[in-house]
Amino acid sequence: ALHSLAKRGNIVLASGSYVVYGIQRVAYKADIETTNLFMTGLVFFILIVLITMICVAAFKGIVEMLAKNGTIKGDRFLEFRNGWVTILKGILYRLALLGFAPICILSLWEFTQRDSPAEVVLAIFFLIGIIATLSWGAFKVIRIARRSVAMHRNPAYILFSDPQALNKWGFLYMQFRASAYYFIAPVLAYLLVKSIVVAFAQGA
């Protein structure tokens, strides 16, 4: 029932029913108790990350076993087998970018709800963690591009010819022109500001 799903901070009508909007309406439409929304989103994100890591590691193990048994040629998936850790890091960074806005919104929104001290601590940890992770990635891209400009007078040379840079950081700049490699920084800043507005302006 709507009454059981919306206990906190909502508009109460004369009939005793509640009006929910914004993030709380999302929780209601998904049949999630509003006090559980942050943890539900966080758990789903963590599960996706863990499942991805397990799948990549399992694929690496299977390929190595098949190559050792001679089922597949020894040079099959050689690039993946040699650089699978770098590829895994790149995949995890991609997941961090995909989850950046949702995690920021839910974490910042949790500060206004304060369901429990433990959840607030988790919100702080994941908010700082995901911002620091992607900020470090943006910094590395800018640093690599500047080194490429200094050595080859072209930011695209290392960014697009170095397999390690491409596999690990490529997702941050592939959607931009080579000369606009730095644009990931304002994009992340924009997503963070938008998350702040969404999380703290629910009353509006």
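Let me begin with how the axes are taken: they are lines fitted to C-alpha atoms, for helices over the stretch in contact, and the angles between N-to-C directions run from 0 to 180 degrees. Please keep in mind throughout that what we are looking at is a predicted model.

With that in place, consider helix H3, residues 37-69, and helix H5, residues 84-98, which pack with their axes 11 Å apart and at an angle of about 160°. Because angles over 145 degrees count as roughly antiparallel, H3 is described as roughly antiparallel to H5. The crossing in which H3 passes H5 is right-handed. On the H3 side, the contact is made by Phe45, Ile48, Val49, Thr52, Met53, Val56, Ala57 and Lys60, while H5 contributes Trp84, Leu88, Ile91, Leu92, Leu95 and Ala96. If we sort the residues of this contact between H3 and H5 by character, 12 are nonpolar, 1 is polar and 1 is charged.

Let me now turn to a single residue, Gln202, which sits in the segment after helix H10, residues 184-200. Is Gln202 buried or exposed? Its relative accessibility is 18%, and since buried means under 20%, Gln202 counts as buried.

As for its polar partners, the side chain of Gln202 reaches the backbone oxygen of Val198 at 2.6 Å, and a polar atom of that Gln202 side chain also lies 2.7 Å from the backbone nitrogen of Ile23. Leaving aside residues up to four places away in sequence, Gln202 touches Tyr21, Gly22, Ile23 and Trp109, so that Ile23 appears both among these contacts and as a partner through its backbone nitrogen.

Key:
Residues numbered from 1 in each chain as written. Predicted model: local features only at pLDDT ≥ 70, side-chain atom pairs only at ≥ 80, totals over all residues. Heavy atoms only, no water. Helix = DSSP H or I, 4+ residues; strand = E, 2+ residues; numbered from the N terminus. Buried < 20%, exposed > 50% of the residue type's maximum accessible area, 1.4 Å probe, protein only. Polar contact = N/O pair within 3.5 Å; in protein donor to acceptor, adjacent residues only side chain to side chain. Contact = heavy atoms within 4.5 Å. Parallel < 35°, antiparallel > 145°, perpendicular 65-115°, else oblique. Left-handed = near helix turned anticlockwise from the far one by under 90°. Nonpolar A, V, L, I, M, F, W, Y, C, P; charged D, E, K, R; others polar.
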